[in-house]
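Student: Could you take me through one part of this structure in detail? I'd like to see how a single piece sits among its neighbours.

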There are 2 protein chains.
Amino acid sequence: MDLKTGETRRDRQRAATVAEIKAAARKLLVEGGVPAVGLRAVARELGLSAPALYRYFDSHEALISALIADLYDELTDALIALRDSDPGADLGGQLFLIAGGLRDWALAHPAEFGLLFGAPVPNPLAEHHELTPGHQAAMRFGAVFKDLVAKVYRQQPFAHPPEEALGPELLAQLTQKAEYFDGMPAGAIYLSLTYWTRLYGLICMEVFGQLHWALEDAGAYFQAQLFEIGEALGLDCPLPE
Amino acid sequence: MDLKTGETRRDRQRAATVAEIKAAARKLLVEGGVPAVGLRAVARELGLSAPALYRYFDSHEALISALIADLYDELTDALIALRDSDPGADLGGQLFLIAGGLRDWALAHPAEFGLLFGAPVPNPLAEHHELTPGHQAAMRFGAVFKDLVAKVYRQQPFAHPPEEALGPELLAQLTQKAEYFDGMPAGAIYLSLTYWTRLYGLICMEVFGQLHWALEDAGAYFQAQLFEIGEALGLDCPLPE
DNA sequence: TCGCGGCGGTGAACACCGTTAACAGTTAAC
DNA sequence: GTTAACTGTTAACGGTGTTCACCGCCGCGA
C-alpha cells in the first residue's frame, strides 16, 4: 500500500490519537451505556476540547460508527481465537465453541452487544448504508458462522427440507444466496438461517432482559437449545451440563 | 373502585392532559424515533412550557416508561382484537393470527417495537424494576400468547421432550413455572418457550435490519417458520402462501 | 361569601449536549 | 525560509433535562 514509508511522524501520532479516542469511547460505553458516549465526555476523558475531536471524526455519529466497526472486529477476532483454541475440536465442537462464546461475550458486554445487534438508531442520512466500515465488519463477523456451517455441511451434509417445501418465493431468495453459502442447496441454507435466527433470538432475549419472567438463569436453557441445533446438524453434541 | 364519584372536575382535566401528553409523545416517537421524544419537544407540541410537564411526570424517563406501558397495552389490545376477529378460527388459527399480527405491528411501528423489545436503556435507579406499570403491561402482553398456547395444549397436547431430556437445572426452573403455565408439563413449557424465542428472534432480526444480508423480503421466511412451529404444535397449518 | 391552599402554569437559570467559526501554534513540504 | 496543512484552542449558537421562584386561578371549608 504505502510505498517509501508513507507514514510520517504526524501520521503515526494521528493514528495513535484516533486509537486513544476510540479507547476512551469504549470505556465510556461499558461504564454508562450508549448515552454516556458523548463527544464532550470522550474529549474530557483524554484532556481535550470537544471541537478537537472534529479533526478526527466528522461527527458524533461517525465516532459511534467507528466504534461499532471496532467492536465487530473485536468480537470477530475473539470468536476466531476461540474457534482455533482447541486443536482437538472437530467442526461441530468449533461451532459449539463460538456459539457459546458469542453468548458469553454478549453477557459480558451487554452495552456493546446492544449497540451492535439491538435496535439501530434511526439514521435518515445513510439510506443505503452498504459499504460502510461497520457493515463490512458485520459481514466479516457473520462469515465466521457462515463459513463454519458451510464446512460442516461440506464434510457431512445434514438433513434439510427439499426445495418443494420452501415455496417458490423463499426458494428464489435462498438460491440467490447459494454462491455466498459455498454452493449449499436452498434447504440447507434455510436451515442454517433458521439456526442463526434462533441463536440470535436466544441471546437477544437474555441480554435484553426479555427472559427474566420465565427463567432466572438462562444458561441451562441456552445449552439445551444449542444441543437441539447441534443434533439437527448431525453433530455429536456435548451432553448438556 | 371510586365511591361517591371520587373524580372531581380537576381530576378529569388532569387525566385529559396526561392523555394529551402521551399522545404527543407517541406522535413524536413514530415521526422521529426514540431520540425525538424530548420533554421540550412534547411540551412544544401542545403549546406548553417544558417545566409544566413536571406537574404530570416526575421526569423524562417517567414519561418514556408511561409511554412504554401504553404501547404494551395498545399492542395487547390489538392482538386480542385480532385473535377474536375471526369467529370461525380454531385455537391454532388464532395463534397464527396473533403471531402474524405481532410481526405486522412490529414492521408498521419499528420505533415502538424497538422501545418495547430492543435493548433497554441502562437504568441505574430501577434495579428491581418489578411492579412498574411497564412491567405489568408486558406481562399482560405475554399472557396473550401464553394463554393461547396453554389452551392449545389443553385441547390437544402436543409432543414434547420428556423431563429426563431437559437436565436437572432447567427442569427445576421450568417446573417452577408450571402453575403459571396452567399446569403444563415442563417439557411442554420448554417447547412453548422455544417457539416464543424463535418468534421473538425472527421479528427482532427483521425489524432491526439484521436479516437484510440474507433476505430482502423476510415475509416468506417468516411464514415458513410459522408453518414449522404450527406443525410441531400439531395444528393444521395454512399452506405457506 | 370570603379566604386560603394547592394545582397548573410561567420565565429564568444551571449544566450538559453536538456543532460551527475564528483564531493561534506547530509541523511538514517545497 | 516561506508557506501551507495539521492540531489544538476559546467563544458561541441552539438544543436538551431539570430546578427554582413566582403567580393566577380553581375549589374547598369556615
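Tutor: Happy to! Let's look at which residues of α9(B) are buried: they are A220(B), Y221(B), F222(B), Q223(B), A224(B), Q225(B), L226(B), I229(B) and G230(B). Keep in mind that this is a predicted model. An α-helix has 3.6 residues a turn, so residues three or four places apart point the same way. With that in mind, try finding F222(B), L226(B) and I229(B), which are among the buried residues, on your display.

What do these buried residues pack against? In chain A their partners are α7 (168-175) and α8 (186-207), and in chain B they are α4 (91-108) and α8 (186-207). That means helix α9 of chain B packs against elements of both chains.

Now the helix itself. It covers residues 219-232 of chain B, 14 residues in total, and reaches 20 Å from its first C-alpha to its last, close to the 20 Å expected at 1.5 Å a residue. Just after α9(B) comes G234(B), which takes a positive phi of about 75°.

To place the helix in a wider setting, turn to the interior. The largest nonpolar core has 131 residues, and Y72(A) and Y72(B) have the most contacts inside it. Leaving out residues up to four places away in sequence, Y72(A) touches L116(A), G134(A), A137(A), A138(A), R140(A) and F141(A).

Finally, look towards the DNA. Of the 21 residues around strand D, the nearest are S49(A), G38(B), L39(B), P51(B) and H60(B). By class, the surface near DNA strand D has 8 nonpolar, 6 polar and 7 charged residues.

Terms used. Residues are numbered from 1 along each chain as its sequence is written. Chains are lettered from A and ligands numbered from 1 in the order in which they are written. This is a predicted model: local features need pLDDT of at least 70, side-chain atom pairs count only at pLDDT 80 or more; totals for chains, interfaces and linings use all residues. Helices (H or I, at least four residues) and strands (E, at least two) are DSSP runs, numbered from the N terminus. The expected span of a helix is 1.5 Å times one less than its number of residues. A residue is buried if 20 or more other C-beta atoms lie within 10 Å of its own, exposed if 12 or fewer, and partly exposed in between; C-beta atoms are placed from the backbone. Two residues are in contact if their C-beta atoms, placed from the backbone, lie within 7 Å. A residue is near a molecule or strand if its C-beta atom, placed from the backbone, lies within 6 Å of it. Ala, Val, Leu, Ile, Met, Phe, Trp, Tyr, Cys and Pro count as nonpolar, Asp, Glu, Lys and Arg as charged, and the others, Gly among them, as polar. A nonpolar core is a set of buried Ala, Val, Leu, Ile, Met, Phe, Trp, Tyr and Cys residues joined through C-beta atoms within 7 Å.
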